[in-house]
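Q: Could you take me through the inside of this protein? I'd like a close look at how the interior is packed and what empty space is left in there.

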Amino acid sequence: MSRVMNFNAGPAALPLPALERARDEMLDFAKSGMSVMEHSHRGKEYEAVHDEAIALLRSLLGVPDDYEVLFVQGGASQLFAQIPMNLVQKGGSADYVVTGAWSEKALSEAKAAAAMLGGGVKVACSTGTGDGKEKSYVRCPLPAEVKADPQAAYLHVTSNETIHGVQFEVEPSRPFPAAPVPLVVDMSSDFLWRKVDVRRFGLLYAGAQKNIGPSGVVVVVVQKALVEKGRKDIPKIFQLRTPAENKSLYNTPPTFGIYMVRNVLSWLQGLGGLGKMEEMNRQKARRLYGAIDKNPGYFRCPVEKESRSLMNVVFRLPAEADEERFVKEAKAKGMVGLKGHRSVGGIRVSTYNAVLPEWVDALASFMEDFARKG
Ligand SMILES: *Cc1c(COP(=O)(O)O)cnc(C)c1O
């Protein structure tokens with residue numbers, strides 16, 4: 001067996017022990033004579049997995065009792081529409097901070113959803129420069145740049161822009177905006193690699209496939225009071241109270257995805273939890289940005305220092321032809337997933353929890369060699 005060093009942005013690398021556990025339990029889960037996928041979602045075998053995944057999320061993240069932990073399907077993209085459907089009232093509005101491609105998408109879906117239900121959305125701040133598809137994003141705003149409406153239903157922020165490599169609160173000078181209304185945060189590529197104080201947020205959500213499992217599951221952590229305020233004139237399947245009132249078992253959940261989330265989180269806890277994880281992730285990012293900054297004539301990170309992402313490290317080489325050669329030669333050394341998103345080009349290195357420090361070290365050494373040879 002030969003596994004590669006996987007730097008994919010999402011779906012992304014999963015911890016080997018979580019995959020091995022799935023392999024070992026595949027044909028005969030909990031001595032039941034079948035795989036976990038073949039179990040009823042109402043049976044005790046699956047229910048134990050479901051409950052354990054929720055309990056692990058609660059303990060790793062320190063979720064307070066007045067918050068729900070929900071599993072939702074449809075990807076983080078579905079939440080882009082589902083959140084305004086629940087929380088923007090008729091005649092009301094919500095505010096959006098736009099710092100890259102994902103917040104643009106969240107805004108655009110929210111516009112459509114709110115308009116359909118008699119509400120609206122506003123941009124409280126955008127850091128984009130340039131026009132249309134070419135818009136460039138290289139920073140998070142300072143708190144004072146965000147003009148949040150105290151009447152808004154919530155303020156939406158994308159904590160880490162997976163495509164542009166821009167992340168909030170890596171440096172103390174770029175905290176999440178202080179809003180007079182609930183903060184709603186897309187944490188898809190920023191989830192469970194460091195401690196956060198859940199009380200600062202009204203709602204946070206994350207697609208599992210970046211950092212905690214396979215695609216098909218979204219985790220939503222939401223204040224119970226917000227769930228209760230949610231609109232009741234939208235289809236039941238989109239109301240957040242539906243999973244909240246049914247332990248995310250209203251209809252059939254993505255059972256295998258949740259099972260994999262359980263495996264990943266149980267690995268994370270065994271490793272020492274979020275404190276340990278943050279230490280490792282900061283070290284990995286330091287190694288990579290170090291290799292970039294030591295070769296300023298060759299590598300260039302477009303993102304301002306205070307906003308550089310620790311999860312998705314983006315950079316350019318002198319020419320596109322060099323970038324193509326870089327990706328190709330890295331692949332020959334067993335390092336894959338380095339091509340930047342098709343909309344922005346360049347190189348992107350995703351360094352989520354499952355990406356081992358040794359891989360990052362190998363890549364940084366390769367970068368240094370590559371720059372030296374030119
Ligand atoms: C990947 C990603 C999404 C979209 O996730 P899907 O599960 O494909 O809908 C949304 N927001 C961010 C920040 C992402 O990285």
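A: Here is a walk through the interior, from the domains to the cores and then the cavity.

First, the ground rules: this is a predicted model, where local features need pLDDT of at least 70, side-chain atom pairs count only at pLDDT 80 or more, and totals for chains, interfaces and linings use all residues. Residues are numbered from 1 along each chain as its sequence is written, and side-chain values use heavy atoms, with hydrogens and water left out.

The chain is assigned domain 1 (22-270) and domain 2 (272-373), with bounds that come from an automatic or database domain assignment. Their centres, taken over C-alpha atoms, sit 27 Å apart. Across the boundary, 29 residues of domain 1 are in contact with 27 residues of domain 2 (contact means heavy atoms within 4.5 Å).

Now the packing. A nonpolar core is a set of buried Ala, Val, Leu, Ile, Met, Phe, Trp, Tyr and Cys residues joined through side-chain atoms within 4.5 Å; buried means under 20% relative accessible area, exposed over 50% and partly exposed in between, with a 1.4 Å probe and protein chains only. The largest core has 93 residues, and Phe7, Phe191, Leu192, Phe315, Phe326 and Leu363 touch the most other members. Both domains feed this core, each giving at least three residues. A second, separate core holds 28 residues, including Ala76, Ala94, Leu107 and Val220.

Zoom in on Phe7: not counting residues up to four places away in sequence, its contacts include Met335, Leu338, Val349, Trp359 and Leu363.

Leu155 is worth a stop too. This residue lies in strand 5 (residues 155-158); strands (E, at least two residues) and helices (H or I, at least four) are DSSP runs numbered from the N terminus. Leu155 counts as buried because its relative accessibility is 0%. Val184 is 29 residues away along the chain, yet the two C-alpha atoms are separated by 5.9 Å.

Finally, the empty space. The structure holds 1 cavity of 30 Å³ or more, with about 40 Å³ of space in it. On a 1 Å grid over the protein atoms alone, a cavity is a set of points where a 1.4 Å probe fits but cannot get out, and lining residues have an atom within 4 Å of a point; grid points are joined across faces, edges and corners, and the volume is the space filled by probe spheres set on them. Ala22, Glu25, Met26, Phe29, Ser35, Val36, Phe256 and Tyr259 line it. Helix 1 (16-25) and helix 7 (255-271) each supply at least two of these residues.

Key:
1 Å grid on protein atoms, 1.4 Å probe; cavity = no way out; pocket = protein on both sides within 12 Å on 5 of 7 lines; lining within 4 Å.
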